[in-house]
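I opened my notebook to get to know a new structure, one look-up at a time. Here is what I wrote down, in the order I went.

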Amino acid sequence: MNRPLPPELHPDTLAVRAGTERTQFREHGEAMYLTSSFVFGSAAQAAACFSGEEEGYVYARFSNPTVTAMQTRLAALEGGEDCVATASGMSAILSLAMATMQAGDHVVASNGLFGATQQLFGGILSKFGISTTFVPATDLDAWRAAITPRTRLFFTETPSNPLTEVIDIAGVAAIARAAGVIFAVDNCFCTPALQRPLELGADVVVHSATKYLDGQGRVLGGAVVGSKAVTDEVFKFLRTAGPTLSPFNAWVILKGLETLRIRMEAQSASALELARWLEAQPGVARVYYPGLESHPQHALAMRQQKSGGAIVSFDVKGGRDAAWKVVDATRLISITANLGDTKSTITHPATTTHGRISAEARATAGIGDGLLRIAVGLEDIDDLKADLARGLAS
């Protein structure tokens, strides 16, 4: 009934076929298993499944066929050996940290991380004896110099949120490999449709599947993709601690992956056009977008990404008041901190996504009061320009 897939399939094929396991009912669409537990034929079989001696689903906190299908598909798209899905992007990062480190260990992380990620490494994990050194993302010497005998993890996101800094994945990977350190890349902004960090030397990829993997702003989800050696440890943490992806959310993300590449291509093309338009607006001081020739890592981005992605950030002249006027003048673009949706969104990072970190940390990361971030969706680009022009003109 389940014919094995041919080897060496292209990503577009994997996006719609990988992970599919049909039941006895021969359904074409993937089944959704909304069950908290699974039954056994005997006490002996139950014991064998719980101990791992026999393969089989046990309890939905850590095993479910729909979640397995989503994990298999994402691992195939990233080129990873295995994947563990989690309840959210932040729970994916937490699970990786808890699975690979203990009290006394050390993390080196880029200083342009998403605000909640900065808080996790710099605040929450420090309570448990795990220290973090934040370094300039693009300075390879800084990564190398920050290593200590207890360094266990390098962590970065590229492009970064919200300034779209692009990190030399292969360069940082070489430093991590030489030091025997696990190197994890948050691939949320690009997704495997535009960038495959594992091919460039990273050990682990993490995702907020809430964003582009779902693609329509419907559900929360996260994932850790990499070698079995790493994901087995992450799975052990998830099995006990329970930051679990629900079967329903897994099914939604599974279907979102089918259209990932065509959405990313269309949204990236619109983002490039919008970024070029913003550069020409007198009310804009600077535009941050890897696809622009003016971006400091443009050449690197074009080597390791298929396009610039769909996130455009820009500094509005006049600081917070002027930036808020642009936001408040929009009638089409959604005012929300989420991204990766088919609907374009706009946010003021200094008072939303990065509002809980210190002003000093924001300044170090280059997040000023005039900065706005747009996640470009699938609307007509002329309508998006008109929506922003209204506020910029004021």
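**Entry: H4 and H5**

I looked up the handedness first, and H4 and H5 cross in a right-handed way. A reminder to myself: this is a predicted model.

Next came the geometry. Helix H4 covers residues 89–100 and helix H5 covers residues 115–124; they pack at an angle of about 25°, and their axes are 11 Å apart. Angles under 35 degrees count as roughly parallel, so H4 is roughly parallel to H5.

Which residues of H4 and H5 meet? From H4 I noted Met-90, Ile-93 and Leu-94, and across from them in H5 I found Ala-116, Thr-117, Leu-120 and Phe-121. Sorted by class, this contact has 6 nonpolar residues, 1 polar residue and no charged ones.

**Entry: Thr-132**

Phe-121 of H5 came up again when I turned to Thr-132, which sits in strand S3 (residues 131–135). Setting aside neighbours within four places in sequence, I listed the contacts of Thr-132 as His-106, Val-107, Ala-109, Phe-121 and Gly-122. I also checked a distant partner: Val-287 is 155 residues from Thr-132 in sequence, and the two C-alpha atoms are 30 Å apart in space.

**Entry: H3 and H10**

Then I went to a second helix pair. H3 and helix H10 (residues 247–257) pack at an angle of about 35°, and 8 Å lies between their axes. The crossing of H3 with H10 is left-handed.

The list of meeting residues took up some space on my page. H3 brings Thr-66, Val-67, Ala-69, Met-70, Arg-73, Leu-74 and Leu-77, while H10 brings Pro-247, Ala-250, Trp-251, Ile-253, Leu-254 and Leu-257. By class I have 11 nonpolar, 1 polar and 1 charged residues in this contact.

**Entry: the largest pocket**

How much space lies in the largest pocket? I wrote down about 860 Å³. It has 32 lining residues, and those closest to the centre of the pocket are Phe-62, Ser-63, Thr-68, Gln-71 and Phe-235. H3 (65–78) turns up here too: along with helix H2 (43–51), strand S1 (82–86) and helix H9 (228–241), it gives two or more residues to the lining. By class, the pocket lining has 15 nonpolar, 8 polar and 9 charged residues.

**Entry: the cavity**

I searched for cavities of 30 Å³ or more and noted 1. The largest cavity holds about 40 Å³ of space. Its lining is made up of Pro-159, Thr-164, Phe-189, Cys-190, Pro-290, Gly-308, Gly-309, Ala-310 and Ile-311. In that lining I counted 6 nonpolar and 3 polar residues, with no charged ones.

**Entry: backbone notes**

Pro-159, one of the residues lining the cavity, deserved a second look. Is the peptide bond from Thr-158 to Pro-159 cis or trans? I found it cis, with omega near -10°. Pro-159 belongs to the loop between strand S4 (151–157) and helix H7 (169–179).

Pro-162 lies in the loop between S4 and H7 as well. The bond joining Asn-161 and Pro-162 is a cis peptide bond, with omega about 10°.

My last look-up was Glu-8, in the segment before helix H1 (11–17). Glu-8 is not a glycine, yet its phi is positive, near 55°.

Terms used
Residues numbered from 1 in each chain as written. Predicted model: local features only at pLDDT ≥ 70, side-chain atom pairs only at ≥ 80, totals over all residues. Heavy atoms only, no water. 1 Å grid on protein atoms, 1.4 Å probe; cavity = no way out; pocket = protein on both sides within 12 Å on 5 of 7 lines; lining within 4 Å. Points joined across faces, edges and corners; volume = space filled by probe spheres on them. Helix = DSSP H or I, 4+ residues; strand = E, 2+ residues; numbered from the N terminus. Nonpolar A, V, L, I, M, F, W, Y, C, P; charged D, E, K, R; others polar. Axes fitted to C-alpha atoms, helices over the stretch in contact; angles between N-to-C directions. Parallel < 35°, antiparallel > 145°, perpendicular 65-115°, else oblique. Left-handed = near helix turned anticlockwise from the far one by under 90°. Contact = heavy atoms within 4.5 Å.
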